[in-house]
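Here are my notes for your first read-through. Keep the structure open beside the text and find each element as it comes up.

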Amino acid sequence: MATNITWHPNLSYDERKTLRKQHGCTIWLTGLSASGKSTVACALEQLLLQKGLAAYRLDGDNIRFGLNKDLGFSEADRNENIRRISEVSKLFADSCTISITSFISPYRVDRDKARELHKEAGLKFIEVFVDVPIEIAEQRDPKGLYKKAREGIIKDFTGISAPYEAPEAPEVHLRTDLKSIEECANIIYEYLIREKVI
């Protein structure tokens with residue numbers, strides 16, 4: 001742990017919110033690979049930006065090209081992946097930006113820690129379960145990952161050889177096999193309006 005460091009105070013969240021005329025929050029999309037998380041997140045980001053709101057999407061694959069390129073897919077690395085993105089999304093939310101994360105984030109305890117981190121900072125955390133039966137995810141398989149996992153080429157693959165712990169009480173539950181991407185983005189958007197986030 002780092003020593004000889006000092007926390008420098010920032011503007012308060014309320015001051016920033018007044019100046020930016022917008023609330024910040026984190027919208028945490030979780031679900032199996034090929035459930036549609038990234039596609040829904042992209043549609044939501046575009047919708048929010050078109051409405052004049054500051055929003056930024058943090059995508060699981062994209063983050064592994066930079067911030068988390070040193071991490072693999074062991075349980076410890078997955079935990080660290082989610083810990084880091086929890087901290088980054090909290091910073092975005094504190095800046096009064098709507099942070100949209102799309103990560104498998106298979107472990108409930110890691111998502112609960114992300115929620116608690118936001119709660120401690122007085123920031124809204126909205127868990128969105130992007131749900132699809134595994135059979136549908138395997139049929140979609142845009143990256144060919146399920147096939148490789150079934151062949152044993154990929155070890156520790158969520159939903160096949162590693163667990164996925166579905167959210168017990170997400171704020172929003174989407175079924176991407178029953179709704180279009182646009183409908184899913186609108187469901188989240190309407191939730192944000194109902195909850196007076198926007």
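Is Ser33 buried or exposed? Take that as point one.

1. Ser33 has a relative accessible area of 10%. The cut-off for buried is under 20%, so Ser33 is buried. Bear in mind that this is a predicted model. Ser33 sits in the loop that joins strand 1 to helix 2. Setting aside residues up to four places away in sequence, Ser33 touches Ile104, Ala137, Leu145, Tyr146 and Phe157.

2. Now the sheet. The sheet is open and has 5 strands. Their order is 2-3-1-4-5, and the pairing is parallel. Strand 2 (55-59) and strand 5 (172-175) are the edge strands. Each of these two pairs on one side only. From one strand to the next, the twist averages 20 degrees.

3. A word on pairing in general. Strands of a sheet pair through backbone hydrogen bonds, and the pairing is either parallel or antiparallel. Here, strand 2 and strand 3 run parallel and are joined by 5 bridges. Look for Leu58, which stands opposite Thr101 in strand 3. Strand 4 and strand 5 also pair in the parallel sense, over 4 bridges. Val128 has Val172 of strand 5 as its bridge partner.

4. Next, follow the side chains of strand 5. In a regular strand, side chains alternate between the two faces of the sheet. Strand 5 shows this alternation. Val172 and Leu174 point to one face and are buried. His173 and Arg175 point to the other face and are not buried.

5. Which strands does helix 2 touch? Helix 2 (residues 37-50) packs on the sheet and touches strand 1 (25-30), strand 2, strand 3, strand 4 (124-131) and strand 5. The direction of helix 2 makes about 165 degrees with that of strand 2. Helix 8 (residues 181-194) packs on the sheet too, touching strand 1, strand 4 and strand 5. The direction of helix 8 makes about 165 degrees with that of strand 5.

6. The two helices also pack on each other. Their angle is about 55 degrees, and the axes of helix 2 and helix 8 are 9 Å apart. Roughly parallel would need an angle under 35 degrees, and roughly perpendicular one of 65 to 115. Helix 2 and helix 8 are therefore oblique to each other. The crossing of helix 2 past helix 8 is right-handed. On the helix 2 side, the contact is made by Thr39, Val40, Ala43, Leu44, Leu47 and Leu48. Helix 8 supplies Ile181, Cys184, Ala185, Asn186, Ile188, Tyr189 and Leu192. By type, the residues of this contact are 11 nonpolar, 2 polar and no charged.

7. Thr97 deserves a look. Thr97 lies in the loop between helix 4 (75-94) and strand 3 (98-102). With a relative accessible area of 9%, Thr97 is buried. Beyond its neighbours within four places in sequence, Thr97 contacts Arg20, Gln22, Gly24, Cys25, Ala54, Ala55, Tyr56 and Phe92.

8. Last, Arg83. Arg83 belongs to helix 4. Why does Arg83 count as partly exposed? Its relative accessibility is 45%, and partly exposed covers values between 20% and 50%. Arg83 and Leu174 are 91 residues apart in sequence. In space, Arg83 and Leu174 are 24 Å apart, C-alpha to C-alpha.

Note on methods. Residues numbered from 1 in each chain as written. Predicted model: local features only at pLDDT ≥ 70, side-chain atom pairs only at ≥ 80, totals over all residues. Heavy atoms only, no water. Buried < 20%, exposed > 50% of the residue type's maximum accessible area, 1.4 Å probe, protein only. Contact = heavy atoms within 4.5 Å. Pairing = 2+ DSSP bridges. Axes fitted to C-alpha atoms, helices over the stretch in contact; angles between N-to-C directions. Parallel < 35°, antiparallel > 145°, perpendicular 65-115°, else oblique. Left-handed = near helix turned anticlockwise from the far one by under 90°. Nonpolar A, V, L, I, M, F, W, Y, C, P; charged D, E, K, R; others polar.
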